[in-house]
Amino acid sequence: MRYDSAVLERVAQRFRRDMWDSVVPEAISESGVEVERFGPVQATAFGDLPEVHLLQQIQGAAEPGAVSEGHLAAAVEWMRAREVDYRIPVAASRPGAEEAEAWLGDRGYEQGAGWIKLVRDGSPPDFHVDPSIVVYRLGEDEAEGEGLSTIAAEAMDIPLVAGTLFFSLPQRNGWHCYTAALGLEEIPAATGSMLIVDGVAQIGAGQTLAHARGRGLNAALLHRRLLDAHRAGCHTVFVEVGECDLGSWSAVCRNLRRAGFEEAY
């Protein structure tokens, strides 16, 4: 599978930036929801939840010039001022990866499990899903974001206030957001999102409530997003998974590999 890692990294930053930019102004002032750019480096923080490192991240550390031009150092100082527990993923395929790892190592940063990108082409999905599962495309009604944000926050075991990051995504340009239920009479118990930018789709790992896990909802949401990405003319689809998936790693990866995703970096 051929792909451009620079493009994947740009889309990944856009994916996260859109989440932070989409929150209501009250969340910015009351909860400390902030996003800042430093050249090719991007920092996101959620001041009200400083211990939830899923919400605090510096991206782009391995991009050209990130270290040599001081952008990574500036992002680190910005993040430190917010007193949050942050992470700095280093994309192994990017030109500045070795320099970034050395810079971080010299300053006492510890290497963690991190994230892994999985990638596939834009071909339609070719795996079976339970036909009784109902997948809903969100976006017509602004209130639909409430269900999306509630499911996501509960499934990831993070405070409901963090759901503000998901609430307005169904109405944003390029975003495709969904929920899934075990039947027509059932309440949705899983959600998934996807951002499409210039023929490249990033799929969110997806979240399912505890009582509905293992019943095919994640697979159905993945199938629908891959189908919609194909219909939109996407040539590349990727997803980031890792330590932040809070216990759903094995199930998520099973579905992704069955769908044809391969490890990129």
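**Group meeting: aromatic pairs, a three-stranded sheet and its helices**

Four aromatic pairs are counted in this structure. Before I take up two of them, please bear in mind that what we are looking at is a predicted model.

The pair I should like to begin with is Phe15 and Trp175. Their ring centres lie 4.7 Å from each other, and with 45° between the planes the arrangement is classed as tilted. Phe15 belongs to helix α1 and Trp175 to strand β6, residues 175-181, so that the pair links distant parts of the chain, 160 residues apart. Both Phe15 and Trp175 are buried.

The second pair is Phe38 with Trp78. Here the centres are 6.3 Å apart and the planes stand at 65°; because an angle over 60 degrees counts as edge-to-face, that is the class of this pair. Phe38 sits in strand β1 and Trp78 in helix α3, with the two positions 40 residues apart in the sense that they are 40 residues apart. Are these two residues buried or exposed? Phe38 has a relative accessible area of 15%, and is therefore buried. Trp78, at 11%, is likewise counted as buried.

Since this pair joins β1 to α3, let me turn to the sheet. It is an open sheet of three strands, ordered β1-β2-β3, with antiparallel pairing. β1 and β3 are the edge strands; each has a single partner, so one side of each has no neighbour in the sheet. From one strand to the next, the twist averages 15°. Between β2 and β3 there are three bridges, again in the antiparallel sense. As an example, Ala43 has Ile58 of β3 as its bridge partner.

Which helices lie across these strands? One is α1, residues 5-21, which lies across β1, β2 and β3 and runs at about 145° to β1. Another is α3, which also lies across β1, β2 and β3, at about 10° to β2.

Helix α3 merits a closer look. Within its span of residues 71-80, the buried positions are His71, Leu72, Ala75, Val76, Trp78 and Met79. Viewed down the axis of α3, these residues fall within an arc of 160°, and therefore line one face of the helix. What covers them? The elements include all three strands of the sheet, namely β1 (33-38), β2 (41-46) and β3 (57-59), together with helix α4 (97-106).

I now come to the backbone. Most residues other than glycine have a negative phi. Where does this model depart from that pattern? Glu83 has a positive phi of about 55°, although it is not a glycine. Glu83 is located in the loop between α3 and α4, and with a relative accessible area of 68% this residue is exposed. Asp198 is another such case, with a positive phi near 50°. Asp198 lies in the loop between β7 (190-197) and β8 (200-203), and its relative accessibility of 73% places it among the exposed residues.

One further contact concerns a charged side chain and a ring. Arg120 lies over the face of Phe261, at 5.8 Å from the ring centre.

To close, I would return to α3: its buried residues line one face, and Trp78, one of them, forms the edge-to-face pair with Phe38.

Notes:
Residues numbered from 1 in each chain as written. Predicted model: local features only at pLDDT ≥ 70, side-chain atom pairs only at ≥ 80, totals over all residues. Heavy atoms only, no water. Buried < 20%, exposed > 50% of the residue type's maximum accessible area, 1.4 Å probe, protein only. Helix = DSSP H or I, 4+ residues; strand = E, 2+ residues; numbered from the N terminus. Arc of directions from axis to C-beta. Contact = heavy atoms within 4.5 Å. Pairing = 2+ DSSP bridges. Axes fitted to C-alpha atoms, helices over the stretch in contact; angles between N-to-C directions. Phe/Tyr/Trp six-rings, centres within 6.5 Å; stacked < 30°, edge-to-face > 60°. Lys NZ or Arg CZ within 6 Å of the ring centre and 35° of its normal.
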